[in-house]
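I am keeping these notes as I look through one structure, entry by entry, and I want each term explained where it comes up.

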Amino acid sequence: MEGRTLTKRRSKPIHMHRTQSRVESMPNALERIRNAARKDKGTRFTALLHHVSIDRLRNAYRKINRTARPGIDDVTWSEYGENLEDNLRELHSRVHRGRYRAKATRRAYIPKPDGRERPLGIASLEDKIVQAAVAEVLNAIYEVDFWGFSYGFRPGRYPHQALDALAYGIHKRKVNWVLDADIRGYFDAISHEHLMELIEHRIGDKRVLRLIRKWLNAGVLEDGTLRHVKEGTPQGATMSPLLANIYLHYVFDGWANHWRKQNARGDVVIVRYADDIVVGFQYREEAERFLRDMRARFRHYSLELHPEKTRLVEFGRFARKDRHQRGQGKPETFDFLGFTHISAVSKNGKYLLRRHTIRKRMRNKIKAVREELKKRMHHPMAQIGTWLRSVLNGYYNYHAVPTNLRAMKAFRREIAAAWLHALRRRSQRDHTTWENLKPQLQRWLPSPQCRHPWPEDRMKLRLNSR
């Protein structure tokens, strides 16, 4: 658990402008890997570690969050950078000579929207650097392999692309049933043994495989106790998202696509964002059979679907009509990536997919803003207004989708009310009213506007902008 002492003397200044050939060498090398992976999906790559160069380690260092909490080595980003070149050369030597040792991750917890706590693993700085460099190389291979319906933790892919894919599938395909699948404690349940077997389908470089095993076996330090585990990848570790995607790529994605082709008579729409899985079906019996087969598949790979959070709901263009005829009331809803999805009807009587911010999450966000306003209530008005504007814009950037603007207006009203309440608490003689505050609200709190149009409208905007 004790790391080496970093070199304290300051190295010569780093020259930012390097030769063009050196700058181009890294992306060209990755492109050659991508081409080889694309050409033959069965190729095992036996020589990869030489791509983890000092330049790649340096780039990985620069991409690390400079203010992140340190791991068990207590080395910060700025401390490591005081003698960056010597430290990177020494790290590169240890990695390539096999003397590099992974350190345990420090366990920390952050609150989840549902009130529970999410465990995080805080890696040491050098582990972050090496993991990021190796992940960049491996991504060149796996980005060629990953399926198009997988969106989470992938370069150039975002939650709203997954939401668009799901919305488009529900609108344009014959979706009558939706399976909302939740994997119980996914990141903590990944089997190390199965994971390494799956990685070896593509990776044959024993030195890279040895590095991955070191990270998996480094253990977790919690409350001063070092615990070794045989399953799980710490959330927060640089390598974890890629490893988690590789695991589900083999365990779910490839299997689900094969199941769809071999067993389904009707339409099947699949969308996965990390461990959030939604599958739409045309026929109920196929959805139920898929769910049974999925449970068996997951059990084989040490995964389990959450019995309460995994649900099969009647959903889609005909759900409202069919349920009304059976006297079952409105269609059920499901949550995906922060939005409650609702089968509804537009003003002209056509089917409409409504997406509303999950109420509990919005309440938690408002509560957090109120608590922060208590700490800032004596700050100047302009300073508070600037901060609140950034909060609203950040919230709109994710949640301002069609059919959700009413919720965004309600969110703005709650923030305005919280600001007024905080101002009145500054003093017993404070007589701020809505009329007094109104100019400040107009100045600092932006009104919501749709920032994520429907997929069809987004495509039209792209074509018109050409």
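**Entry: a pair within helix H11**

I looked up Glu 288 and found it partly exposed, because its relative accessible area is 32%, and the label depends on cut-offs: buried means under 20% relative accessible area, exposed over 50%, and partly exposed in between, with a 1.4 Å probe and protein chains only. Its partner is Arg 284, whose side chain meets that of Glu 288 in a salt bridge at 2.9 Å, N to O; by definition a salt bridge is a side-chain nitrogen of Lys or Arg within 4 Å of a carboxyl oxygen of Asp or Glu. Arg 284 is also partly exposed, since its relative accessible area is 42%. Both residues lie in helix H11, four residues apart, which is about one turn of the helix. I noted the general rule beside this: an α-helix has 3.6 residues a turn, so residues three or four places apart point the same way.

I wrote down that this is a predicted model, in which local features need pLDDT of at least 70 and side-chain atom pairs count only at pLDDT 80 or more, while totals for chains, interfaces and linings use all residues. Residues are numbered from 1 along each chain as its sequence is written, and side-chain values use heavy atoms, with hydrogens and water left out.

**Entry: other salt bridges**

How many salt bridges does the count come to? By the rule above, I have 26 salt bridges.

One of them joins Arg 376 and Glu 372, whose side chains meet at 2.9 Å, N to O. These two are separated by about one helical turn, because they stand four residues apart in helix H13 (residues 359–376). Arg 376 is buried, with a relative accessible area of 19%, whereas Glu 372 is partly exposed at 23%.

Arg 265 forms a salt bridge with Glu 285, and the closest N and O atoms are 3.4 Å apart. This pair links distant parts of the chain, 20 residues apart: Arg 265 is in the loop between helix H10 (240–263) and strand S6 (268–273), and Glu 285 is in helix H11 (residues 284–300). Arg 265 counts as exposed because its relative accessibility is 62%, while Glu 285 is partly exposed at 43%.

I also noted a network of salt bridges that links Asp 55, Arg 58 and Glu 85.

**Entry: a buried charge without a salt bridge**

Asp 180 is found in strand S3 (residues 177–182). Which side chain of opposite charge is nearest to Asp 180? It is Arg 311, 4.3 Å away, and Asp 180 is buried yet has no salt bridge. For the signs, Lys and Arg count as positive and Asp and Glu as negative, while His and the chain ends are not counted. I then listed what Asp 180 touches, not counting residues up to four places away in sequence: Ile 277, Val 278, Lys 309, Thr 310, Arg 311, Phe 334 and Asp 335, where contact means heavy atoms within 4.5 Å.

**Entry: positive phi**

Most residues other than glycine have a negative phi, and most peptide bonds are trans. Ala 274 has phi near 55°, a positive value in a residue other than glycine, and its place is in the loop between S6 and strand S7 (276–281). Ala 274 counts as buried, as its relative accessibility is 8%. Thr 403 has a positive phi of about 75° although it is not a glycine, and it sits in the loop between helix H14 (381–399) and helix H15 (405–424). At 22% relative accessibility, Thr 403 counts as partly exposed.

**Entry: helix H6**

I checked the length of helix H6 (residues 159–172): at 1.5 Å a residue its 14 residues should span 20 Å, and its end C-alpha atoms are 20 Å apart, which agrees. The expected span is 1.5 Å times one less than the number of residues. H6 is mostly covered, as 10 of its 14 residues are buried, among them Pro 159, Leu 163, Asp 164 and Ile 170.

**Entry: the whole chain**

The chain has 17 helices and 11 strands; helices (H or I, at least four residues) and strands (E, at least two) are DSSP runs, numbered from the N terminus. Buried residues make up 49% of the 466 residues. Along its principal axes the C-alpha trace spans about 70 × 70 × 55 Å.
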